[in-house]
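Hi,

Here is the structure I promised to pass on. Have a look at it first, and then read on for what turned up.

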Amino acid sequence: MGLGNPGDRYARTRHNVGYRALEHAAERWSVTLHESGSARQGRGMVGTVPVTLAEPLTWMNQTGPVVKALLEALSLSPDALTIIHDDMDLDLGRLRFKRVGGHGGHNGVLSIIDALGTDQFFRLKIGIGRPAPGEDPAEFVLSPFSPDENRQIDQDMERAVDALGCLVKEGLNTAMNRFHMKEPEGPEADERDQQESS
């Protein structure tokens with residue numbers, strides 16, 4: 001499930017990198033997304049593993065009920081779910097997997113945790129960088145990338161699809177080791193993880 005806000009106005013904003021990564025995955029894996037209820041979704045295969053890709057068509061903070069309905073329709077539990085979303089606490093384009101934890105201030109993830117009644121699902125976080133000092137974080141996440149950032153993020157989207165494919169075919173530990181454990185996370189990220197998991 002890639003997270004974002006619907007509509008052309010938000011398509012290229014930082015908050016929509018979840019949509020963007022999912023659409024890259026759909027293209028690579030030859031999955032056609034079609035509108036069905038409150039989401040765009042499609043089914044395909046990653047190697048020998050069947051997958052469903054989906055984008056909620058609600059606002060970010062109303063994502064949870066859509067995710068819950070989709071899981072129920074597919075007879076899947078939350079531990080089969082992977083959420084792709086933006087993260088201000090990661091450098092631009094940086095990828096990071098998590099298995100459990102809090103919402104970290106992300107309203108889409110908060111809505112999902114509330115709707116499912118659990119935080120037991122996978123997340124692939126994609127870094128969008130930090131706002132400048134004094135800049136409103138809410139305005140920052142709804143701002144577009146600069147041309148240079150757009151070029152970088154397009155390359156990072158391909159790496160995100162590689163990471164998702166690795167998660168599906170080889171599991172979380174391999175995906176973590178291959179796609180984000182090579183770079184140290186730093187004390188601030190470690191402290192935030194401990195807070196999210198508590």
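In which hand does α5 cross α6, right or left? The crossing of these two helices is right-handed. Before the rest, one caveat: this is a predicted model, so please read everything below in that light.

**The α5/α6 pair**

Helix α5 covers residues 147-170 and helix α6 covers residues 172-179. Their axes lie 7 Å apart and make an angle of about 150°. Since anything over 145 degrees counts as roughly antiparallel, that is the label for α5 against α6. On the α5 side, the contact is made by Arg159, Asp162, Ala163, Cys166, Leu167 and Glu170. From α6 come Leu172, Thr174, Ala175, Arg178 and Phe179. Sorted by class, the contact has 6 nonpolar, 4 charged and 1 polar residues.

**The three-stranded sheet**

Next, an open sheet of 3 strands, in the order β1-β2-β3 and with antiparallel pairing. At its edges are β1 (34-36) and β3 (49-56), each of which pairs on one side only. On average, neighbouring strands here are turned by 40° against each other, ignoring direction. Helix α1 (residues 17-28) packs on this sheet, where α1 touches β2 and β3. The direction of α1 makes about 140° with that of β3.

Going through the pairings, β1 and β2 are joined by 3 antiparallel bridges, with Glu35 having Arg40 as its bridge partner in β2. Arg40 also has a bridge partner in β3, namely Glu55. Strand β2 (residues 39-46) pairs with β3 over 8 bridges, again in the antiparallel sense, and Gln41 stands opposite Ala54 of β3.

Both connections are hairpins, so to speak, with a glycine worth checking in your viewer. The β1-β2 hairpin has 2 residues between the strands, and Gly37 takes a positive phi near 65° there. The hairpin of β2 and β3 also has 2 residues between its strands, and in that turn Gly47 has a positive phi of about 65°.

**His24 on α1**

Back to α1 for one residue: His24 sits in this helix. Is His24 buried or exposed? Its relative accessibility is 18%, and the cut-off for buried is under 20%, so His24 counts as buried. Leaving out residues up to four places away in sequence, His24 touches Asp154, Met157, Glu158 and Val161.

**Strand β6 and its partners**

The last piece is β6 (residues 122-127), a mostly covered strand with 6 of its 6 residues buried. In a regular strand, side chains alternate between the two faces of the sheet. For β6, one side has Phe122, Leu124 and Ile126, the other has Arg123, Lys125 and Gly127, and all of these are buried.

Which strands pair with β6, and in what sense? Strand β4 (residues 82-87) pairs with β6 in the parallel sense over 6 bridges, and Asp87 has Gly127 as its bridge partner in β6. Strand β5 (residues 95-98) pairs with β6 in the antiparallel sense, over 4 bridges. There, Phe97 stands opposite Leu124 of β6.

Shout if you would like to go through any of this together.

Cheers

Conventions
Residues numbered from 1 in each chain as written. Predicted model: local features only at pLDDT ≥ 70, side-chain atom pairs only at ≥ 80, totals over all residues. Heavy atoms only, no water. Axes fitted to C-alpha atoms, helices over the stretch in contact; angles between N-to-C directions. Parallel < 35°, antiparallel > 145°, perpendicular 65-115°, else oblique. Left-handed = near helix turned anticlockwise from the far one by under 90°. Contact = heavy atoms within 4.5 Å. Nonpolar A, V, L, I, M, F, W, Y, C, P; charged D, E, K, R; others polar. Pairing = 2+ DSSP bridges. Buried < 20%, exposed > 50% of the residue type's maximum accessible area, 1.4 Å probe, protein only.
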